[in-house]
Amino acid sequence: PLSPAAARQPIHHRSINCKGYQREDGLWDIEAHLRDNKFVPFHTQTRGDLSPEDAVHDMWIRITVDDDYLIHDLEAVIDASPFVVCPEITSRFQLLKGLRIGAGWNKMLKELLGNVNGCTHLVELFGPLATTAFQTIYPQTRAKHQQELEAHPNKKPILIDSCHAFDSKGVVVKQYFPKFYT
């Protein structure tokens with residue numbers, strides 16, 4: 001846990017909740033929900049005064065992907081936002097259909113949906129959503145990945161260099177993927 005904090009008063013709370021589901025048709029649904037609220041009253045120009053129970057932001061994303069993380073369908077919803085124009089941008093997220101979550105994903109998101117071309121909060125939500133997709137799908141398709149590794153022994157596994165633990169110079173790669181240890 002964190003060390004003890006200084007005396008303080010809570011002001012803002014952001015909750016992000018992500019879930020992964022295996023569908024009957026063999027695809028995967030990955031859902032993410034972001035909710036912001038204040039612990040103190042908050043005034044907005046378009047919604048007026050918000051109480052601590054009211055959401056400043058309440059946003060949802062559901063992607064439907066296959067075993068290779070290709071996006072087959074996507075839904076983005078903004079139930080609450082500080083401005084009435086915010087929900088107008090959700091249809092733009094359809095640009096992600098047909099794209100694959102993988103290397104360069106965050107860069108691609110910023111290019112397609114960054115700044116005025118998207119919603120900052122929904123774009124940020126795709127980070128934990130992508131991680132949830134990987135955490136949901138990869139363990140369930142481990143046998144498939146093992147077969148691919150055996151069929152293509154010189155192909156670097158997707159995990160290598162994806163984080164500190166899977167550093168190609170590190171002890172985990174040395175133990176589990178010695179061929180790719182550098």
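For sorting residues by class, Ala, Val, Leu, Ile, Met, Phe, Trp, Tyr, Cys and Pro count as nonpolar, Asp, Glu, Lys and Arg as charged, and the others, Gly among them, as polar. With that in hand, the lining of the largest pocket has 13 nonpolar, nine polar and seven charged residues. Keep in mind that this is a predicted model. Here's a quick look at its pockets, a hairpin and one aspartate.

**The largest pocket**
- This pocket has a volume of about 920 Å³.
- Its lining is made up of 29 residues, and Tyr69, Ile101, Gly102, Phe134 and Ile158 sit closest to the centre.
- Three helices, α1 (105-113), α2 (120-140) and α3 (142-151), each chip in at least two residues of the lining.
- The top contributor to the largest pocket's lining is α2, with six residues.

**The second largest pocket**
- Here you'll find about 240 Å³ of space.
- Its lining includes Phe134, Tyr138, Pro139 and Arg142, and Phe134 also turns up among the residues closest to the centre of the largest pocket.
- Further along the chain, His145, Gln146, Leu149, Leu159, Phe166 and Phe177 line the second largest pocket too.
- Both α2 and α3 supply at least two residues each to this lining.
- This time α3 gives the most, with four residues.
- Sorted by class, the second largest pocket's lining has seven nonpolar, two polar and one charged residues.

**The β1-β2 hairpin**
- Strand β1 (residues 12-22) runs antiparallel to β2, and 11 bridges join the two.
- To see one pairing for yourself, look for Lys19, whose bridge partner in β2 is Glu31.
- Five residues lie between β1 and β2 in this hairpin, and Gly26 in the turn has a positive phi of about 95°.

**Asp36, a residue to look up**
- You'll spot Asp36 in strand β2 (residues 28-38).
- Is Asp36 buried or exposed? Asp36 counts as buried because its relative accessibility is 1%, and the cut-off for buried is under 20%.
- The side chain of Asp36 has a polar contact of 2.7 Å with the side chain of Arg14.
- Another polar contact, at 2.8 Å, links the side chains of Asp36 and His57.
- Leaving out residues up to four places away in sequence, Asp36 touches His12, His13, Arg14, Asp54, Ala55, Val56 and His57.

Notes
Residues are numbered from 1 along each chain as its sequence is written. This is a predicted model: local features need pLDDT of at least 70, side-chain atom pairs count only at pLDDT 80 or more; totals for chains, interfaces and linings use all residues. Side-chain values use heavy atoms; hydrogens and water are left out. Buried means under 20% relative accessible area, exposed over 50%, partly exposed in between (1.4 Å probe, protein chains only). A polar contact is a pair of N or O atoms within 3.5 Å; within protein, one must be able to donate a hydrogen and the other to accept it, and residues adjacent in sequence count only if both atoms are side-chain atoms. Contact means heavy atoms within 4.5 Å. Two strands pair if DSSP finds at least two bridges between them. On a 1 Å grid over the protein atoms alone, a cavity is a set of points where a 1.4 Å probe fits but cannot get out, and a pocket is an open set with protein on both sides within 12 Å along at least five of seven lines; lining residues have an atom within 4 Å of a point. Grid points are joined across faces, edges and corners, and a volume is the space filled by probe spheres set on the points.
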